[in-house]
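Here are my notes on this one, point by point. Have the model open while you read.

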Amino acid sequence: MMPGSAKALNQGVAPVTYGQGDRPPRGDYARAGADYTCAQDYGQYAEADHDTYRRLYARQLQQLPGLACDEFIAAVQQLGAPERIPRFDDISERLLKATGWQIVCVPGLIPEEAFFALLAARRFPVTDWIRRPEEFDYVVEPDVFHDLFGHVPLLFDPTFADYMQAYGAGGLKASRLDACELLARLYWYTVEFGLIDTKQGLRAYGAGVLSSAGELRYSVTSPGPRRVAFDLQRLMRSRYRIDTYQATYFVVDSFRQLFEATAPDFTPVYARVRETISSQGEIDAGVVLPGERQFMI
Ligand code: PHE
Ligand code: FE
């Protein structure tokens, strides 16, 4: 799940995610409540939908060894049987016991503030519809496979789970400070496309990579992209691409490092990043700064 922008759906305006075109989001928002959650429409799934889920799951699962971080591999089975789209309530029951998180159903992309409020309450929004067969390799909007397979396993990790909640609380604050664009970069480069350095080598923990057929291997093993050490202010200056594999990935040493580096109040951080951007500009995807250490493959 990615946050949409703050456009009010209840006024009949569709949410838009960063960089997305004018196309309205898929999904029936009439069934959502004021917090954008709804009941998982389990009856909507045809056998073909379960089959799509099963094939996506199988394709990703066999790629995990050597590419996904251990915390993800250890938790992925918590999603339940891989043959059918799970019932969200079953996963929530296990998740609540593990880390106090729950998953909640949403019709699709939701506005930023609603998204932040859910995360701050340890509720992770999951889209219930699944991509069409012709979108098997690539779907523009997050579907149930991306949201569940990509995001939910790491919510079973206590440190990562705390980071996600802190992100939500930070998002509510960023809305007030008009800093959502800077904060969205943090989400993008960690929660969606983050890499982690381990004793065994680089591994992926970002949901966008973990749920992608091609980018998982690309992000961890290809000599193509740049891989730089996580640095909050550098990251917030960095633009990102939504239409191709990433040209830059940020690497953390541990989820603890991520949590601690993002714990301080961002109010002065946003101010400093804005100053740096006005004096030195933003950093384009794929650009490495002079003297910056890269992780080499
Ligand atoms: N420390 C951040 C703030 O004060 C909140 C935050 C934590 C944001 C973790 C993102 C991730 O705004
Ligand atoms: Fe996502």
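1. Start with Thr159. Setting aside anything within four places in sequence, Thr159 is in contact with Phe255, Arg256 and Phe259. Keep in mind throughout that this is a predicted model.

2. Where does Thr159 lie? Its home is helix α6. Is Thr159 buried or exposed? The relative accessible area of Thr159 comes to 17%, so this residue counts as buried, the cut-off being under 20%.

3. Staying with α6, have a look at ligand 1. Helix α6 (158-176) and helix α7 (180-192) are the elements that give two or more residues to the shell around the ligand. Of these, α6 supplies the largest share, 5 residues.

4. Who else is in that shell? The residues around ligand 1 are Tyr163, Ala166, Tyr167, Gly170, Lys173, Leu183, Leu186, Thr262, Ala263, Pro264, Asp265 and Phe266. By character, they split into 8 nonpolar, 2 polar and 2 charged.

5. Now the polar side of the site. The side chain of Lys173 has an N or O atom sitting 2.4 Å from an oxygen atom of ligand 1. At Pro264 the partner is a backbone N or O atom, 2.6 Å from a nitrogen atom of the ligand. Phe266 also uses its backbone: a polar atom there is 3.0 Å from an oxygen atom of ligand 1. As for cover, ligand 1 on its own has 320 Å² of accessible area, and the protein covers 93% of that.

6. Next, over to strand β2, residues 102-106. Why call β2 largely enclosed by the rest of the structure? Because 4 of its 5 residues are buried. Strand β2 pairs with strand β4 (residues 123-127) in the parallel sense, over 5 bridges. If you want a spot to check the register, try Cys105, which stands opposite Val126 in β4.

7. One last residue, Asp49, which you'll find in helix α1 (residues 47-61). Which residues does Asp49 touch, leaving aside neighbours within four places in sequence? Its contacts are Gln44, Ile85 and Ile130. How far is Asp49 from Val104 in space? The C-alpha to C-alpha distance between Asp49 and Val104 is 20 Å, with 55 residues separating the two in sequence.

Technical notes:
Residues are numbered from 1 along each chain as its sequence is written. Chains are lettered from A and ligands numbered from 1 in the order in which they are written. This is a predicted model: local features need pLDDT of at least 70, side-chain atom pairs count only at pLDDT 80 or more; totals for chains, interfaces and linings use all residues. Side-chain values use heavy atoms; hydrogens and water are left out. A residue is near a molecule or strand if one of its heavy atoms lies within 4 Å of it. A polar contact is a pair of N or O atoms within 3.5 Å; within protein, one must be able to donate a hydrogen and the other to accept it, and residues adjacent in sequence count only if both atoms are side-chain atoms. Accessible areas come from the Shrake-Rupley method with a 1.4 Å probe; for residues, only the protein chains shown count as cover. Ala, Val, Leu, Ile, Met, Phe, Trp, Tyr, Cys and Pro count as nonpolar, Asp, Glu, Lys and Arg as charged, and the others, Gly among them, as polar. Buried means under 20% relative accessible area, exposed over 50%, partly exposed in between (1.4 Å probe, protein chains only). Two strands pair if DSSP finds at least two bridges between them. Contact means heavy atoms within 4.5 Å.
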